Amino acid sequence: MPALDLKTNVAVADVKAFSLEFSKFAAETLRKPEAYISVNYTYSEHLTFNGTFEPAILLHITSLDNINPKVNEEYSKAFFAFFKEKLGVPDNRGYITFYDPGRVNLGYKSTTFGVLFG
């Protein structure tokens, strides 16, 4: 169940196409089925980073059972490379927050992942 919430001051020409490409990339990078991936792209023209409006991102990743210090570094490298290629945002112009709420704290199908998967 990864959910990825991307905020950026970079407008993309085709938000739907970008979102689908980002979803596929996220599934591959996080090694989760795309059927469980949810992405949200938000254009925020007023997003600043380091006191400027130059291209920047804020990414919040919520995912179960695959967030830890070792893989977070790999994820960071992959996602920043994606943003550099697709949005022109260098790796020093944003933050990525990795969050694993725990199975009992995430609802799905009228219950929680804790109930569904133990």
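This passage describes the overall fold of a predicted model, the packing of two of its helices, and the surroundings of two individual residues.

The secondary structure of the protein consists of 3 helices and 6 strands. Read from the N terminus, these elements follow the order β-α-β-β-α-β-β-β-α. The C-alpha atoms occupy a box of roughly 45 × 30 × 25 Å along the principal axes. The radius of gyration is 15 Å, which agrees with the value near 13 Å expected for a compact globule of 118 residues. Of the 118 residues, 39% are buried. Among contacts with a sequence separation of 6 or more, 74% are between residues 24 or more positions apart.

Helix 1 spans residues 15–30 and helix 2 spans residues 69–87. The two helices pack at an angle of about 160 degrees, and their axes lie 11 Å apart. Helix 1 is therefore roughly antiparallel to helix 2, since angles over 145 degrees are counted in that class. The crossing of helix 1 past helix 2 is right-handed. On the side of helix 1, the contact is formed by F18, E21, F22, F25, A26, T29 and L30. Helix 2 contributes Y75, A78, F79, F82, F83, K86 and L87. Sorted by class, the residues of this contact comprise 11 nonpolar, 1 polar and 2 charged. The charged class includes Asp, Glu, Lys and Arg, and among the contact residues are E21 of helix 1 and K86 of helix 2.

Helix 2 also contains N72. The relative accessibility of N72 is 14%, so this residue counts as buried, the cut-off being under 20%. When residues up to four places away in sequence are left out, N72 touches I67 and F98.

A second residue, P33, is located in the loop between helix 1 and strand 2, the latter covering residues 38–43. P33 has a relative accessible area of 44% and is therefore partly exposed, as this value falls between the limits of 20% and 50%. P33 and M1 are 32 residues apart along the chain, and their C-alpha atoms are separated by 8.4 Å.

In outline, the predicted model has 3 helices and 6 strands, with helix 1 and helix 2 packed at an angle of about 160 degrees. N72 in helix 2 is buried, whereas P33 in the loop after helix 1 is partly exposed.

Key: Residues are numbered from 1 along each chain as its sequence is written. This is a predicted model: local features need pLDDT of at least 70, side-chain atom pairs count only at pLDDT 80 or more; totals for chains, interfaces and linings use all residues. Side-chain values use heavy atoms; hydrogens and water are left out. Axes are lines fitted to C-alpha atoms, for helices over the stretch in contact, and angles run from 0 to 180 degrees between N-to-C directions. Helices (H or I, at least four residues) and strands (E, at least two) are DSSP runs, numbered from the N terminus. Angles under 35 degrees count as roughly parallel, over 145 as roughly antiparallel, 65 to 115 as roughly perpendicular and the rest as oblique. A crossing is left-handed if the near helix is turned anticlockwise from the far one by less than a right angle, and right-handed if clockwise. Contact means heavy atoms within 4.5 Å. The radius of gyration is taken over C-alpha atoms; the globule rule is 2.2 Å times the number of residues to the power 0.38. Buried means under 20% relative accessible area, exposed over 50%, partly exposed in between (1.4 Å probe, protein chains only).
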